[in-house]
Amino acid sequence: MPKVQGNKLIIENQTVFFKSSEDMSELDDESIDLIITSPPYNRGKTYSSDFGEFHNDSMEDSEYFSFLTEVWKECYRVAKKHAIFFLNIGDSANDQGKSEKVALSAEKASWIRLQDIIWIKTFLGRGHYTPTGGSRRLNNIWEHLYLFVKNKKDYEIDPKAIGIPYADKSNIGRYSDSDLRDAGNVWLIGYEKTTGATIKKGHEAPFPIGLPYRCINLVPNVKTVLDPFGGTCSTLAACLKLGVKGYAYEKYPRIKVIESRILEGKEYQESTESLIPHLELSIKLLVELTSKTYNELPKIKSKVEYNIYSILNEVLKNLNYSSPLKLSLEKRIKSFEHSLNSKRQQEKRYKQKKLTN
Ligand SMILES: C[S@@+](CC[C@H](N)C(=O)[O-])C[C@H]1O[C@@H](n2cnc3c(N)ncnc32)[C@H](O)[C@@H]1O
């Protein structure tokens, strides 16, 4: 059961301190294996507590960056020698280049920058994003996840722990005996369907549980995780799922939102949608299994069905398939397009007739 004790909330092995992370004296020096966080973006977002207090998300740049550096210094103090730090931040049209400065603010606190992972939030229309670009720019669908370490000679990650299967199976045995390869530094992680109005109440911009979940899995033997800017505490939800001890700091807490977000971790299932190679392999298998018996597909009855058929057709084209199933797909697509065109022509003729009468 969740328990609020003074200025902290405890849920099983997860603890949230309701105070500023500029001072994390509750945590011992060199006690944390992994830090995962997304700081306030200083972009005029609303972060407010149950008690009516608001974070000022429109600071002067100099104040913002020195505030961040103070928190990163505290993170450095509590981090074990081999610790790893994932720092998530994205740019918007109005503050292009800010993430780079945020990364520099961490370097100022002695963190060593190793790599930039691109977190893709949505892809080819899959996943949520607010259409804000209008006619002036494209929507921003990715963010940075900077990877820092405390000591360049003493840290370890295990890329295969979040690996993907080979698309070309002849590679198995060439590099290792398993059908697993490093997924690389572009991660497609969509938002969970539940990330909506309820979770956002008073706390904009939670990241999906899948993000910290993947970071924790990437690092071997993680026992303690810290998120100095907890927000809804998605990081602790991932910790709960993985049985890792988690700590978060949140100065402007929405306690009920935090409780339910952390407990959401229990039900969390990693989405396989993000694993495109897996998806393609399953389609390949499906086609192989069905193509002998599937000579004729049912007719397409709606635009939605047409879209799905077209996507499958595109994937099969990429996989160089020309099976009976593929031919039947093409036939159905063409026939639907033909009937759509005839319908349009008919409507046009009808309108013209009405005008001339
Ligand atoms: C981008 S949000 C974090 C969202 C979080 N990753 C999640 O999934 O919900 C940044 C959070 O930092 C909090 N914050 C602002 N100033 C803080 C401070 N001095 N100490 C701790 N938290 C602070 C804000 O209230 C906000 O909830």
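## Helices α5 and α6

In this predicted model, helices α5 and α6 pack against each other at an angle of about 35°, and their axes lie 7 Å apart. The crossing that the two helices make is right-handed. On the side of α5, the contact is formed by S234, L236, A237, A238, L240 and K241, which meet R261, I262, E264, G265 and K266 of α6. Sorted by character, the residues of this contact comprise five nonpolar, two polar and four charged.

## The sheet and its order

The strands form an open sheet of 10 members with mixed pairing, and their order across the sheet is β1-β2-β3-β10-β9-β4-β5-β7-β6-β8. Its edges are β1, residues 3-5, and β8, residues 186-188, each of which pairs on one side only. From one strand to the next, the twist averages 20°.

Both helices described above also pack on this sheet. Helix α5, which covers residues 234-242, touches β3 (14-17), β4 (32-37), β9 (224-227) and β10 (245-249), and its direction makes about 170° with that of β10. Helix α6, which covers residues 255-267, touches β1, β2 and β3, and its direction makes about 25° with that of β2.

## Pairing at the β1 edge

Strands of a sheet pair through backbone hydrogen bonds, in either a parallel or an antiparallel sense. At the β1 edge, β1 is joined to β2, residues 8-11, by three bridges in the antiparallel sense. Within this pair, Q5 has K8 of β2 as its bridge partner.

## Pairing towards the β8 edge

On the other side of the sheet order, β7 lies between β5 and β6, and its pairing with each of these neighbours is antiparallel. Strand β5, residues 79-89, is joined to β7 by six bridges, and in this pair the bridge partner of L87 is Y146. Strand β6, residues 112-120, pairs with β7, residues 142-149, over eight bridges. Two of the residue pairs that can be named here are I112 with V149 and I120 with W142.

In what sense, parallel or antiparallel, do β6 and β8 pair? These two strands run in the parallel sense and are joined over three bridges. I120, whose bridge partner in β7 is W142, stands opposite L188 in β8.

## Surroundings of the ligand

Around the ligand there are 20 residues, of which Y47, P206, G231, T232 and S234 come nearest. S234 is also one of the α5 residues that meet α6. By character, the shell around the ligand divides into nine nonpolar, eight polar and three charged residues.

## Helix α8

Helix α8 runs over residues 303-318, and at 1.5 Å a residue its 16 residues should span 22 Å; the C-alpha atoms at its ends are 23 Å apart, which agrees with that expectation. After α8 comes N320, whose phi is positive, near 60°.

Technical notes. Residues are numbered from 1 along each chain as its sequence is written. This is a predicted model: local features need pLDDT of at least 70, side-chain atom pairs count only at pLDDT 80 or more; totals for chains, interfaces and linings use all residues. Two strands pair if DSSP finds at least two bridges between them. Helices (H or I, at least four residues) and strands (E, at least two) are DSSP runs, numbered from the N terminus. Axes are lines fitted to C-alpha atoms, for helices over the stretch in contact, and angles run from 0 to 180 degrees between N-to-C directions. Two residues are in contact if their C-beta atoms, placed from the backbone, lie within 7 Å. The expected span of a helix is 1.5 Å times one less than its number of residues. A crossing is left-handed if the near helix is turned anticlockwise from the far one by less than a right angle, and right-handed if clockwise. Ala, Val, Leu, Ile, Met, Phe, Trp, Tyr, Cys and Pro count as nonpolar, Asp, Glu, Lys and Arg as charged, and the others, Gly among them, as polar. A residue is near a molecule or strand if its C-beta atom, placed from the backbone, lies within 6 Å of it.
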